[in-house]
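Work through the exercises below with the structure in view. Try each task before reading its solution.

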Amino acid sequence: MARREIEYMLQAESVIKQYRQPESVITAVNRANIKIEKGEFVAIIGSSGSGKSTFLHICAGLDKANAGRILIDNEEITKMGPDELGRFRGEKMGFIYQRHNLVPQFTALENILLPTVMCNKADASYQESLRELVECLGLSERLHHLPSELSGGQCQRVAIARALINNPQMLFADEPTGNLDRKNADEVLSLLLKIRETRGQTLLMVTHDLAIAEQADRIFRMDNGILKLERDYIGGNKKTVDTF
Ligand code: ADP
Ligand code: MG
């Protein structure tokens, strides 16, 4: 079997996050390690309050750890200053929240294009991405509506388009369908996974929906701040060959 280097998209090493309370210290993330290969879909499951969101935010550079390192595409984001990190995040990473977090005063289209404004992208470079996303997510009739005029499922599809408009290589999703009913959740998730597949993006998703986690290449469990592999690659799911 040919040996080939594993290319990692995300590497988290010994990540610790503590919240100091007047009387105690909460260790939300306790020496978490993970390595995610390019193109992989990894799910993190675990009970509420176990540290999943905290860990995801740290991996995406949205929150600072007390200790540990995060590398995205071999660049150490934990060393970057705010400006450099902001630029890097805009180019490489997309984040989908449980609540869509759309700007209420902006139309669907304005919300979707927000990351392109921040990244100073030229028109041409996102037009194709926009066309593809709007079509795939079924948003063409809704582009000029405000979030308050859209259903929960539609808002979340706008949020997905916003996270993907710059075509980031690394996608994070924190219970992206947690606020939707089963039918909408399944629909939104299958659209997200379909787009991810065509674009070859790496996905790290927090979910407490086992039916969703089952679709991932690997599943990790967060338990009281400790991250453990729950299910490794099964039945030929693994995309790359170990070199060691
Ligand atoms: P999960 O996403 O798995 O539900 P979180 O990462 O949101 O868990 O929270 C992990 C732990 O850290 C919880 O005990 C939570 O109360 C605590 N926590 C999260 N954010 C803060 C904060 N800003 N201040 C204090 N404690 C926090
Ligand atoms: Mg959470």
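The exercises cover a sheet, the helices across it and a ligand site in this predicted model.

**Exercise 1.** Find the order of the six strands in the open sheet, and name its edge strands.

Solution. Step 1: the order is β6-β7-β8-β3-β9-β10, with mixed pairing. Step 2: β6 (93-96) and β10 (226-231) each pair on one side only, so they are the edge strands. Step 3: on average, and ignoring direction, neighbouring strands are turned by 20 degrees against each other.

**Exercise 2.** Do strands β3 and β9 run parallel or antiparallel, and how many bridges join them?

Solution. Step 1: β3 covers residues 41-45 and β9 covers residues 218-223. Step 2: four bridges join these strands, which run parallel. Step 3: one bridge partner in β9 is Arg-218, which is matched with Val-42.

**Exercise 3.** Which strands do helices α5 and α6 lie across?

Solution. Step 1: α5 (residues 152-164) lies across β6 and β7, at about 165 degrees to β6. Step 2: α6 (residues 182-199) lies across β3, β6, β7 and β8, at about 155 degrees to β8.

**Exercise 4.** Describe the shell around ligand 1 and its polar contacts.

Solution. Step 1: the shell includes Ser-47, Gly-49 and Thr-54. Step 2: the shell divides into three nonpolar, eight polar and one charged residue. Step 3: α1 supplies the largest share, three residues. Step 4: polar side-chain atoms of Lys-52 and Ser-53 each lie 2.8 Å from an oxygen atom of ligand 1. Step 5: for Tyr-19, the distance to a nitrogen atom of ligand 1 is 3.4 Å. Step 6: the protein buries 61% of the 570 Å² that ligand 1 exposes when taken alone.

Definitions and conventions: Residues numbered from 1 in each chain as written. Chains lettered and ligands numbered in written order. Predicted model: local features only at pLDDT ≥ 70, side-chain atom pairs only at ≥ 80, totals over all residues. Heavy atoms only, no water. Pairing = 2+ DSSP bridges. Helix = DSSP H or I, 4+ residues; strand = E, 2+ residues; numbered from the N terminus. Axes fitted to C-alpha atoms, helices over the stretch in contact; angles between N-to-C directions. Contact = heavy atoms within 4.5 Å. Near = heavy atom within 4 Å. Polar contact = N/O pair within 3.5 Å; in protein donor to acceptor, adjacent residues only side chain to side chain. Areas by Shrake-Rupley, 256 points an atom, 1.4 Å probe, with all protein chains shown as cover. Nonpolar A, V, L, I, M, F, W, Y, C, P; charged D, E, K, R; others polar.
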